[in-house]
Amino acid sequence: MRKLGRLLLTLVLLVSLVAPVTFAFEDTDQHWGRDYIGTLAKYDIVDGYPDGSFKPDARITRSEFLVMTLKSLGENVRAASAGEYWGQPFIERARSLGLIQASDFASLTASTFDRPILREEMAGIVSAAYLRSNERPAASTLDSAADKISDLDAVRDCYQEPTLVAYAVKLLSGYTDGSFRPAGSATRAESSVVTAKLLADRLGLGDIVISTPPVSSPTFKVAGISIGDSLEKVTQTLGTPVRKDLSEYGFEWYVYHRSYKDYVMIGVSSGKVVGLFTHYGPFESAVGLRMGSTRSEVQTKYGTGLTKIDKGTFTFLIQTSEEFDLYKLQPGYATFYYDLEDSKKVIAFQLIAPVAEESLKSLYGPASAGLRTAYEKQTFDLANVFRAAKGKSVVTYNSTASKVAYNHSLDMLQRGFFDHVNPDGKSPFDRMKASGLSFSAASENIAAGYINAVTTHIGWVNSPGHRVNLLGNYTQLGTGVAFGGDYKQYFTQNFLTPR
């Protein structure tokens with residue numbers, strides 16, 4: 001215990017001597033981890049990308065984390081030999097130092113170490129690194145650490161004690177809800193925090209001073225509005241909304257557009273903005289992304305999208321698709337939607353505040369008449385936004401066609417089928433004629449299982465047959481949504497041109 005006591009005393013004495021670190025990369029200026037990242041950059045522990053970014057919210061691989069850890073410990077590692085996996089020398093050195101065990105991973109090979117590192121694996125490595133030159137915390141200190149981790153039972157047995165050690169010596173901390181989320185993928189910023197603390201411990205730097213980032217424009221704006229703005233600013237800036245829609249998150253979307261151009265939805269809860277959405281509308285970002293940017297440009301800034309979201313004790317897997325990328329960024333959960341037929345350009349953007357996204361403990365919102373009506377109206381709107389953007393005339397609402405569409409969605413739900421032709425052999429044209437509609441041209445789009453109207457619409461945009469219908473020479477449209485059944489949510493659009 002004597003050695004640990006001297007270490008703590010040294011840290012206390014040196015705290016006031018550490019100067020704030022200025023940001024080192026263009027995308028860390030406003031990021032919560034900027035000072036840890038800046039410390040590592042100052043000591044040549046980390047590098048950025050050629051475009052000057054660091055991508056703090058991108059996931060980090062096991063090999064990349066080992067590199068940061070070993071550099072923070074001041075370890076010299078041999079260069080990889082010709083034809084050898086670049087990370088192999090770091091894997092070997094980490095194993096020789098006892099930072100990793102063969103039993104922790106499926107194998108000590110490239111395929112294993114090119115995978116994103118989990119938070120519990122990060123805890124195992126940094127705890128072993130810390131204990132190489134420091135004493136193990138007392139049992140009472142570990143017990144206190146355990147009380148701070150609400151999901152400690154979810155940590156695998158081999159990482160239980162390392163996680164407690166990492167918490168006890170403040171190398172790691174959890175989320176605001178008290179969880180650690182051991183199976184979550186660590187980000188480049190999170191890994192920078194723990195390795196910067198290792199570096200500070202080795203060099204006797206003391207605590208890293210967290211400076212207040214300079215005030216600058218928000219990371220994202222839609223129609224001049226950003227997350228956290230007041231409802232008063234929304235109405236002063238955009239005026240009275242076309243309508244207000246219930247969202248799956250429980251907040252209200254304030255819907256704005258001018259003849260289906262500049263289409264935006266502003267999510268408001270308790271007088272504050274908690275959601276932003278636009279389809280071909282005004283969108284700006286601090287990193288230069290805009291409507292019409294390509295998927296490759298988005299991924300250059302933020303890396304690959306999330307494959308899952310951890311919400312407390314819940315983990316939701318995300319079905320990966322070229323149609324969108326989802327990121328957890330400083331202001332919230334950002335989704336970029338792409339048009340696959342148009343060079344994978346961004347055609348829609350959504351940003352949901354963490355407090356809203358992480359409170360929804362389901363893939364789908366609670367079924368209600370209000371949410372069904374919102375989805376039906378949004379499905380109608382988004383079709384017209386897409387038509388207007390592509391130079392087509394907008395369609396008008398047909399209430400009879402909407403009843404036909406709703407009844408077909410409900411029929412698919414209740415009878416457990418998914419097809420344009422129902423079990424009675426009736427086609428969309430038969431159903432529309434039976435309702436009294438007379439038309440010279442008509443078509444139908446159907447979808448099931450999508451989580452909301454936006455994802456349904458993007459799915460139709462990127463499906464050749466459905467896209468043809470969206471852009472067809474029609475004058476009217478009816479939409480219908482039903483909740484329940486095997487696929488949870490069923491969407492139907494009936495286009496027509498009256499005779």
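User: How many cavities of 30 Å³ or more does the count come to?
Analyst: The model is a predicted one, and its enclosed spaces are counted from a threshold of 30 Å³. The largest cavity holds about 50 Å³ of space, while the second largest holds about 30 Å³. By this rule the count comes to two cavities.

User: Into which classes do the residues lining the largest cavity fall?
Analyst: The lining is made up of Glu248, Tyr249, Trp253, Met265, Gln350, Tyr375, Gln378, Asn452 and Val454. Sorted by class, these residues come to five nonpolar, three polar and one charged.

User: How do the residues lining the second largest cavity divide by class?
Analyst: Around this space stand Asp57, Ala58, Arg59, Thr304, Gly305, Leu306, Leu326, Tyr327 and Lys328. Their division is four nonpolar, two polar and three charged.

User: Which strands stand at the edges of the open sheet?
Analyst: The sheet has seven strands in the order 2-3-4-5-11-10-9, with antiparallel pairing. Each edge strand has a single partner, so one side of it is left without a neighbour in the sheet. From one strand to the next the twist averages 20°. The strands at the edges are strand 2 (243-246) and strand 9 (324-329).

User: What is the bridge partner of His279 in strand 11?
Analyst: Strand 5, residues 272-279, runs antiparallel to strand 11, residues 345-352, and five bridges join the two. In strand 11, the partner of His279 is Ala348.

User: What angle does the direction of helix 16 make with that of strand 10?
Analyst: Helix 16, residues 453-461, packs on the sheet and touches strand 5, strand 10 and strand 11. Its direction makes with that of strand 10 an angle of about 25°.

Terms used: Residues numbered from 1 in each chain as written. Predicted model: local features only at pLDDT ≥ 70, side-chain atom pairs only at ≥ 80, totals over all residues. Heavy atoms only, no water. Pairing = 2+ DSSP bridges. Helix = DSSP H or I, 4+ residues; strand = E, 2+ residues; numbered from the N terminus. Axes fitted to C-alpha atoms, helices over the stretch in contact; angles between N-to-C directions. Contact = heavy atoms within 4.5 Å. 1 Å grid on protein atoms, 1.4 Å probe; cavity = no way out; pocket = protein on both sides within 12 Å on 5 of 7 lines; lining within 4 Å. Points joined across faces, edges and corners; volume = space filled by probe spheres on them. Nonpolar A, V, L, I, M, F, W, Y, C, P; charged D, E, K, R; others polar.
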